[in-house]
Amino acid sequence: MTDSNPRALRLGTRRSKLAMAQSGMVADAVREVTGRPVELVEITTYGDTSREHLAQIGGTGVFVSALRDALLDGTIDFAVHSLKDLPTAQPAELALAAVPKREDPRDVLVARDGLTFEELPDGARVGTGSPRRMAQLNAWARALGRQVETVPIRGNIDTRIGYVEKGELDAVVLAAAGLTRIGRIDEATDHLSPDMVLPAPGQGALAVECAAHNAQLAAQLAELDDPFTRAAVTAERSLLAALEAGCSAPVGALADLQADGQAVTELRLRGVVGTTDGSTLVQLSTTGHVPASLGDAATPLNMGRELAAEMLAKGAAGLMGERAL
């Protein structure tokens, strides 16, 4: 006999406006596939309370471990993370049940007076807490014959855009996906081409995680999985793992699915590592066939490892001074 009053599933989420928006979207989809109510359980993580810059506290896992602890002790049934915050090693006791369809992976500029990056004046102050963004923005400015001053900032989207509104900074760089999910993408003054600024591995994608022993829930959550997004982020994270870099290291990666007519046939993976001043960048790309069975992770995993090996051979290891140990 079916339970006419099923227990609500508890979805663990960070408290930020963006995390709540992302989790709310997933909650709606989970209600749809399970027919069960879903309640959001707000959890504060170390990354939310620490005032240090992410590069100092190590980046990797600081927004994730409290949610994972709640999964393991049964306080929550599943959790939603920004995939780029997840450490590359997946614990055996937790299942990455779904990677839903990805939002725009690019970075965007929010600048005063509607300026694009190429219109910023020499010496413009650009806020970002990311060594990856600093490296590529400084290199881009250099290529334009100019300089920007990258200023380390923390805080939520409101705080960051506030620096520009108050005139303290000329511009800030944010993830397009975050602005889109909270309904503020129209405030972006420039969408930064991945040809100039590669995003963080997994940027724009979400991760839905549950306890590995909860096979029934894992199977239901798997209905939210987008196999193309999973293949792309698997390649990006494999590159990051093979470079042995934490998510605060200056590594950018993006896997694009290349369509031939209607069918997606190839996966192109691009990677970059650089010094934060932008004086040296190692940028390489590789292309591989999309596996016939999209459940086969071997191709994207190998692509990431092989590209990392090429980047290390070209000197990438010496550029990752900020890597998380």
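The following legends describe close-up views of a predicted model.

**View 1. Five strands arranged as an open sheet.** The strand order is E7-E6-E8-E5-E9, and the pairing within the sheet is mixed. Strand E7 (148-151) and strand E9 (190-191) each have a single partner strand and stand at the edges, so one side of each is left without a neighbour in the sheet. Strands of a sheet pair through backbone hydrogen bonds, in either a parallel or an antiparallel manner.

**View 2. Pairing of strand E6 with strand E8 and the helices on the sheet.** Two bridges join strand E6 (residues 124-127) to strand E8 (residues 171-175), and the sense of this pairing is parallel. Val126 has Ala171 of E8 as its bridge partner. Helix H6 (residues 157-165) packs on the sheet, where it touches E5 and E8; the direction of H6 makes about 155° with that of E8. Helix H5 (residues 131-143) lies across four strands, namely E5 (107-111), E6, E7 and E8. Relative to E7, helix H5 runs at about 175°.

**View 3. The second largest pocket and its lining.** This pocket holds about 360 Å³ of space. Its lining comprises 20 residues, and those nearest the pocket centre are Leu96, Arg230, Thr234, Arg237 and Leu301. Helix H9 (227-242) and helix H10 (298-313) each contribute at least two residues to the lining. The greatest contribution comes from H9, with eight residues. Sorted by class, the lining contains eleven nonpolar, five polar and four charged residues.

**View 4. Surroundings of Ser238 in helix H9.** Ser238 has a relative accessible area of 6%; the residue is classed as buried because this value is under the 20% cut-off. When neighbours within four places in sequence are set aside, Ser238 is in contact with Pro300, Leu301, Gly304 and Arg305. Of these contact partners, Leu301 is also listed among the residues nearest the centre of the second largest pocket.

**View 5. The largest cavity and its lining residues.** Rolling a probe the size of a water molecule over the atoms reveals where empty space remains. The model has one cavity of 30 Å³ or more. The space in the largest cavity is about 40 Å³. Its lining is formed by Phe117, Leu120, Pro121, Ala141, Leu144, Arg146, Gln147 and Val148. By class, six of the lining residues are nonpolar, one is polar and one is charged. Ala141 of this lining falls within helix H5 (residues 131-143), and Val148 falls within strand E7 (148-151).

Definitions and conventions. Residues are numbered from 1 along each chain as its sequence is written. This is a predicted model: local features need pLDDT of at least 70, side-chain atom pairs count only at pLDDT 80 or more; totals for chains, interfaces and linings use all residues. Side-chain values use heavy atoms; hydrogens and water are left out. Two strands pair if DSSP finds at least two bridges between them. Contact means heavy atoms within 4.5 Å. Axes are lines fitted to C-alpha atoms, for helices over the stretch in contact, and angles run from 0 to 180 degrees between N-to-C directions. On a 1 Å grid over the protein atoms alone, a cavity is a set of points where a 1.4 Å probe fits but cannot get out, and a pocket is an open set with protein on both sides within 12 Å along at least five of seven lines; lining residues have an atom within 4 Å of a point. Grid points are joined across faces, edges and corners, and a volume is the space filled by probe spheres set on the points. Ala, Val, Leu, Ile, Met, Phe, Trp, Tyr, Cys and Pro count as nonpolar, Asp, Glu, Lys and Arg as charged, and the others, Gly among them, as polar. Buried means under 20% relative accessible area, exposed over 50%, partly exposed in between (1.4 Å probe, protein chains only).
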